[in-house]
Amino acid sequence: MSLSNAKITFVGAGSMAEAIVRGLTSQKDADASRITMINRQDTERLQKLHESYGVSYVTELTDKDRVTSEADVVVVAFKPKDAIEGLKALAPLLNRSQLLVSVIAGLSIATIEAILGSAGQPIARTMPNTSSSIGLGATGISFSSQVTKEQQQLAIDMFASTGIVSVVEESKLDIVTGVSGSGPAYIYYMMEAMIEGGIRGGLSPEAARELTVQTVLGAANMVKLTGEEPADLRRKVTSPNGTTQAAIEMLDQYDFSSGVAKAVLRAAERAGELGEAITSQAAAVQSK
């Protein structure tokens with residue numbers, strides 16, 4: 001089985017599901033009709049996705065059950081608050097030849113297994129980011145022991161269609177969340193500040209935005225294309241007693257580097273907290 005002939009059903013049709021669908025349908029050998037979208041009741045959303053990408057959708061309960069049980073890959077893309085209810089509803093429809101792909105933040109493989117009531121389901125747990133929507137995403141992915149090599153490659157290929165994929169131990173997915181899952185927001189936050197600085201210095205909002213966007217784009221590409229370390233590239237830009245050094249010294253006064261590193265670690269910690277909350281809820285439900 002390959003990505004071009006696998007039947008994929010998305011349970012949940014939010015922004016992350018759309019990002020993955022956009023990547024999948026952009027492949028030259030893509031068959032959008034093999035992708036089916038379902039959600040609770042927002043038919044208008046499903047129609048929009050069908051019009052935009054050519055994917056199929058169903059709205060009747062019997063059809064939802066059918067496309068779920070017949071899929072090679074079932075992608076669960078609903079909100080964390082709906083995880084327990086959603087997975088419980090899926091449990092009787094799944095079989096062990098199917099790959100279950102989770103894009104639910106903080107939800108561990110063990111908790112998914114507990115909710116499903118089975119440790120035999122092949123599961124891929126993923127942590128994509130929002131840049132997946134433009135094909136420049138970064139996704140961390142981990143697999144349960146039941147996932148076959150073929151299924152692993154299928155999952156990797158799915159997310160490679162939206163950017164890069166890094167296969168990691170599941171215990172590292174929370175720090176992946178801190179680095180790349182939440183990471184775009186850190187860059188946007190910095191860009192907001194750069195634009196504000198430009199405006200305060202007399203630039204028009206349009207000029208400040210344009211210069212900031214191109215600067216961030218260029219810097220990211222310099223790191224990627226040269227293969228050099230960011231620290232080395234920073235030093236090359238920073239002439240002794242020059243403008244950049246003065247700016248870096250000001251950032252250091254505000255503990256910029258430490259603040260960003262702490263932000264990454266706090267996001268990872270919060271991902272763990274959210275996962276533990278879902279796990280506790282699931283255990284409470286199971287005990288009833």
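How many positive and negative side chains does the chain have, and how far apart do the centres of the two sets lie? The chain has 26 positive and 32 negative side chains, and their centres are 2 Å apart. Keep in mind as you read that this is a predicted model.

## The chain as a whole

Let us start with the overall picture. The chain is built with twelve helices and eight strands. If you follow its C-alpha trace along the principal axes, the spans come to about 70 × 40 × 35 Å. Of the 288 residues in the chain, 40% are buried.

What about the outside? The accessible surface of the chain is about 15,800 Å², and carbon and sulfur atoms account for 55% of that surface. Contacts tell you how the chain comes together: take those between residues at least 6 apart in sequence, and 64% of them join residues at least 24 apart.

## A domain from the record

UniProt, in an unreviewed entry, lists residues 7-106 as "domain: Pyrroline-5-carboxylate reductase catalytic N-terminal". In the model, this span is 39% helix and 18% strand. The C-alpha atoms at the ends of residues 7-106 lie 26 Å apart.

## Salt bridges along helices

Now we return to charged side chains, this time in pairs. The structure holds 17 salt bridges, and a good place to begin is with one in helix α8. There, the side chains of Arg 200 and Glu 196 form a salt bridge, with an N to O distance of 3.2 Å. Helix α8 covers residues 183-200, and these two partners sit four residues apart in it, about one turn of the helix. Arg 200 counts as exposed because its relative accessibility is 71%, over the 50% cut-off. Its partner Glu 196 is partly exposed, at 36%.

Helix α12, residues 256-287, offers another example. Which residue forms a salt bridge with Arg 266? The partner is Glu 269, and the closest N and O atoms of the pair are 2.7 Å apart. Arg 266 and Glu 269 are three residues apart in helix α12, so about one helical turn separates them. Both ends of this bridge are partly exposed: Arg 266 has a relative accessible area of 39%, and Glu 269 has one of 45%. Elsewhere, salt bridges that share partners join Arg 40, Lys 81, Asp 82 and Glu 85 into one network.

## One more pair

Lys 172 and Glu 169 give us a further salt bridge between side chains, at 3.6 Å from N to O. Is Glu 169 buried or exposed? Glu 169 counts as exposed, at 55% relative accessibility. Lys 172, with a relative accessible area of 40%, is partly exposed.

## Two residues with positive phi

Next, look at the backbone. Asn 241 has a positive phi of about 65 degrees, although it is not a glycine. Where is Asn 241 found? Asn 241 is in the loop between α10 (230-237) and α11 (243-253). With 74% relative accessibility, Asn 241 counts as exposed.

Asp 255 is also a residue other than glycine with a positive phi, here near 60 degrees. Its place is the loop between α11 and α12. Asp 255 is partly exposed, with a relative accessible area of 44%.

## Two more residues to find

Arg 45 is worth a look in helix α2, which runs over residues 43-53. Is Arg 45 buried or exposed? Arg 45 counts as buried because its relative accessibility is 18%, under the 20% cut-off. Leaving aside neighbours within four places in sequence, Arg 45 is in contact with Ala 13, Gly 14, Ser 15, Glu 18 and Asn 39.

Finally, find Pro 205 in helix α9, residues 205-226. Pro 205 counts as partly exposed, at 46% relative accessibility. You can also compare its place with that of Tyr 254: the two residues are 49 residues apart along the chain, and 25 Å separates their C-alpha atoms.

Key: Residues numbered from 1 in each chain as written. Predicted model: local features only at pLDDT ≥ 70, side-chain atom pairs only at ≥ 80, totals over all residues. Heavy atoms only, no water. Salt bridge = Lys/Arg side-chain N within 4 Å of Asp/Glu carboxyl O. Buried < 20%, exposed > 50% of the residue type's maximum accessible area, 1.4 Å probe, protein only. UniProt positions renumbered as here; feature names shortened; annotations may be inferred. Contact = heavy atoms within 4.5 Å. Areas by Shrake-Rupley, 256 points an atom, 1.4 Å probe, with all protein chains shown as cover. Lys, Arg positive; Asp, Glu negative; His and termini not counted. Charge placed at Lys NZ, Arg CZ, Asp CG, Glu CD.
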